[in-house]
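Thanks for asking me to look this over. Here are my notes, in the order I would go through them with you at the bench.

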Amino acid sequence: MSDLLSQKLYLASDLTDGEFAILIESDSFDEELRRLADLVRRSYYGTDVYVRGLIEISNYCRNDCYYCGIRRGNHFVERYRLTRGEILDCCRIGYELGYRTFVIQGGEDTFYSDEMICEIVSAIRELYVDCAITLSLGERSYRSYKSFFDSGANRYLLRHETADSEHYVKLHPPEMSLDNRKRCLFDLKRIGYQVGSGFMVGSPYQTTQNIIADLRFLQELQPAMVGIGSFISHHQTPFSNFRSGDLKLTLRLISILRLLFPYSLIPATTALGTIDPVGRELGILAGANVVMPNLSPVNVRKKYELYDNKICTGEEAAECRHCLTRRIASIGFNIVTNIGNVKEMKDKCS
Ligand code: SAM
């Protein structure tokens with residue numbers, strides 16, 4: 001039965017809610033899902049895996065998301081923010097290591113005004129014309145997003161976290177809203193960004209129906225990038241006692257996402273590498289095609305702890321880069337250092 005469902009998903013890139021529920025809740029047919037997801041990925045991207053250099057510019061955050069280690073309410077966090085010069089240094093090191101995408105990520109830190117972000121983006125754009133600039137700085141106004149885009153940013157990552165409004169309020173404080181999250185995502189698309197969204201797998205109170213709502217929302221949004229990672233508890237959050245997300249379910253969902261969005265860029269996330277020593281390799285085998293090694297200065301890495309035991313917090317950028325190249329090669333894939341834009345349907349290899 002589920003084998004037929006995998007086939008249907010492969011051929012039609014869609015299923016009914018009931019069919020999705022069967023696939024999500026059963027592990028019997030993971031092998032077939034993985035096989036088909038790999039087939040689809042190879043037809044669009046071959047064995048290429050794109051690298052993105054991640055620069056975590058600040059762990060200050062005005063938000064208080066119940067799951068996140070750098071939430072405003074965590075008074076044990078030693079806060080830091082990078083200067084424009086430090087960010088540009090990270091880009092220089094990254095460029096020398098072959099990175100052609102920089103991901104500027106941070107908590108929602110109001111210290112960085114629109115003007116400051118525009119200045120940073122313009123400086124990177126001027127120095128590295130052949131690179132993509134991805135921002136992941138949370139919720140801002142249409143005007144702000146537009147000014148960043150006009151300064152040279154091309155991509156924006158903003159996970160919707162959960163598309164079910166009742167689930168959303170269980171994960172976030174009352175001042176945050178799913179409607180605003182969605183508004184941001186559609187604004188970003190309208191402006192012309194390549195948009196990435198996604199959700200945590202196994203977040204507290206998540207149900208199969210919530211995950212199906214996530215898939216439906218992504219179908220509506222049609223993002224260029226879809227990032228999912230297992231929820232991992234952080235000991236200084238209200239969710240410290242919740243169990244972390246399941247590796248197998250995360251991998252199954254990566255395969256499902258590959259079949260739903262054949263063209264998409266799907267990262268094998270750091271969270272995946274944290275819940276299993278070879279989690280990122282398994283993510284690639286399940287259909288992912290992006291990795292995001294850390295380019296942040298080593299002295300701040302540990303402070304950007306979204307969840308417990310986050311990996312790669314002690315290594316220099318070059319070590320991270322080479323370690324990932326080896327890991328990806330060991331499973332028969334190859335790291336590609338070009339800009340790695342999303343492919344359109346027409347770009348299919350075969
Ligand atoms: N502030 C930006 C935003 O909200 O998009 C970017 C930074 S935010 C910390 C990046 C992502 O980390 C979130 O979208 C969330 O899915 C993920 N994250 C936060 N806490 C996590 C946890 N405990 N386990 C797994 N992922 C987590």
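1. Why does Gln222 count as exposed? Keep in mind that this is a predicted model. Gln222 has 12 C-beta neighbours inside 10 Å, and a residue with 12 or fewer is classed as exposed, so Gln222 falls in that class. Gln222 sits in the loop that links helix 9 (208-221) with strand 7 (225-230). Its phi is positive, about 50°, although Gln222 is not a glycine.

2. Asn309 deserves a look as well. Its phi is near 60°, again a positive value in a residue other than glycine. You will find Asn309 in the loop between helix 13 (298-301) and helix 14 (317-330). Asn309 counts as exposed because it has 12 C-beta neighbours inside 10 Å.

3. Next, please turn to strand 4 (residues 132-136), where four of the five residues are buried. Strand 4 runs parallel to strand 3 (residues 101-106), and five bridges join the two. In one pairing, Ile104 has Leu135 of strand 4 as its bridge partner. Between these strands the chain passes through helix 5 (residues 114-127), in a right-handed β-α-β crossover.

4. Strand 4 also runs parallel to strand 5 (residues 155-157), with two bridges joining them. Here Thr134 stands opposite Arg155 of strand 5. The chain gets from strand 4 to strand 5 by way of helix 6 (residues 142-151), and this β-α-β crossover is right-handed.

5. Lastly, the ligand. Of the 18 residues around it, Cys68, Gly138, Arg159, Leu306 and Tyr307 come nearest. The shell is made up of nine nonpolar, six polar and three charged residues.

Methods. Residues numbered from 1 in each chain as written. Predicted model: local features only at pLDDT ≥ 70, side-chain atom pairs only at ≥ 80, totals over all residues. Buried ≥ 20, exposed ≤ 12 C-beta atoms within 10 Å, placed from the backbone. Near = placed C-beta within 6 Å. Nonpolar A, V, L, I, M, F, W, Y, C, P; charged D, E, K, R; others polar. Pairing = 2+ DSSP bridges. Right-handed = clockwise from strand over helix to strand, strands pointing away.
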